[in-house]
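Got your viewer open? Load the model, show it as a cartoon, and follow along stop by stop.

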Amino acid sequence: MASRAGPRASGTDGSDFQHRERVASHYQMSVALKSEIRKLNIVHVLIWVLMAAQVTVSQLSLVSHKVVASPYQWEYPYLLSIVPTVFSFLALPRNNISYLVVSMISAGLFCVAPLIYGGMEMFPVAQQLYRHGKAYRFIFGFSAVSVMYLVIVIAVQVHAWQIYYSKQLLDQWFTATQDKKKK
């Protein structure tokens with residue numbers, strides 16, 4: 001055998017690597033998908049913290065309503081969106097299929113549904129802002145409806161990718177489970 005820095009073993013030209021064992025593709029894919037889901041979970045936690053901060057500051061009247069607008073109705077149920085992220089974080093280390101399924105289902109219920117409702121709730125205000133250029137709620141000097149629509153656009157993308165990658169990961173885990181049952 002050759003050492004790291006030493007000469008190559010005699011009788012080989014370096015092309016005899018074909019026989020070596022490789023990591024199965026579904027395990028490689030599982031690691032990559034877990035990494036992507038963790039990144040998306042962290043982004044979601046950041047969005048959630050900002051949303052929770054806005055709701056808390058407004059409800060406790062820590063600053064004037066002219067600085068931070070009172071929350072829209074959809075923001076309260078969206079605060080429950082931390083639940084799917086917690087289940088997702090719990091599912092990843094041990095490949096827990098049950099937690100991942102709960103995470104996917106609750107993501108639709110606690111994440112996507114409030115965002116859809118929020119888009120519909122704020123539409124008349126956005127329409128008024130677009131047509132007349134008048135805004136009545138502000139977040140640090142910016143129109144609250146514009147800021148919240150930006151949050152919705154980002155959050156919808158994050159949650160859509162979370163659900164997509166979770167589904168892909170679930171498929172990879174089922175492939176691994178089926179391979180073990182065949183043996």
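Which helix supplies the largest share of the lining of the largest cavity? Keep that in mind while we get our bearings; the answer comes at the cavity stop.

**Whole view.** What you have is a predicted model. Colour by secondary structure and you should find 5 helices and 2 strands. Walking along the sequence, the order is α-α-α-α-β-β-α. Now colour by burial: of the 183 residues, 30% count as buried.

**The cavity.** A search of the whole structure turns up 1 cavity of 30 Å³ or more, and its volume is about 80 Å³. To see its walls, select Asn41, Pro84, Thr85, Ser88, Ser103, Met104, Ala107, Cys111, Gln162, Ile163 and Ser166. Here is the answer to the opening question: H4 gives the largest share of this lining, with 4 residues. Helix H3 (82-94), helix H4 (97-132) and H5 each put in at least two residues. Colour the selection by residue class and you get 5 nonpolar and 6 polar residues, with no charged ones.

**Helix H1.** Next, select residues 25-59, which make up H1. How far apart should the ends of its 35 residues be? At 1.5 Å a residue the helix should span 51 Å, and its end C-alpha atoms are 50 Å apart, so the two agree. Just after H1, click on Ser61: its phi is positive, near 50°.

**A salt bridge in H1.** Stay on this helix and show the side chains of Glu36 and Lys39 as sticks. They meet in a salt bridge, 3.5 Å from N to O. The two residues are 3 apart in H1, which means about one helical turn separates them. Are they buried or exposed, or something in between? Lys39 has 47% relative accessibility, so Lys39 counts as partly exposed. Glu36 is at 29%, so Glu36 is partly exposed as well.

**Its counterpart in H5.** The structure holds 2 salt bridges; for the other, jump to Lys167 and Asp171, whose side chains meet at 2.8 Å, N to O. Both residues lie in helix H5 (residues 144-182), 4 residues apart, or about one turn of the helix. Lys167 is partly exposed, with a relative accessible area of 39%, and Asp171 is partly exposed too, at 30%.

**The largest pocket.** Switch to a surface view and look for the largest pocket, with a volume of about 370 Å³. It is lined by 15 residues, and those closest to its centre are Leu50, Met51, Gln54, Val147 and Val151. H1 and H5 are the elements that give two or more residues to this lining, and H1 gives the most, with 6 residues. What classes of residue make up the wall? There are 14 nonpolar residues, 1 polar residue and no charged ones.

**The UniProt spans.** For the last stop, select residues 42-64, 99-118 and 138-158, which an unreviewed UniProt entry lists under "transmembrane region". In the model, residues 42-64 are 78% helix and 0% strand, and the end C-alpha atoms of that span lie 30 Å apart. Residues 99-118 are 100% helix and 0% strand, with end C-alpha atoms 27 Å apart.

Definitions and conventions
Residues numbered from 1 in each chain as written. Predicted model: local features only at pLDDT ≥ 70, side-chain atom pairs only at ≥ 80, totals over all residues. Heavy atoms only, no water. Expected span 1.5 Å × (residues − 1). UniProt positions renumbered as here; feature names shortened; annotations may be inferred. Salt bridge = Lys/Arg side-chain N within 4 Å of Asp/Glu carboxyl O. Buried < 20%, exposed > 50% of the residue type's maximum accessible area, 1.4 Å probe, protein only. 1 Å grid on protein atoms, 1.4 Å probe; cavity = no way out; pocket = protein on both sides within 12 Å on 5 of 7 lines; lining within 4 Å. Points joined across faces, edges and corners; volume = space filled by probe spheres on them. Nonpolar A, V, L, I, M, F, W, Y, C, P; charged D, E, K, R; others polar.
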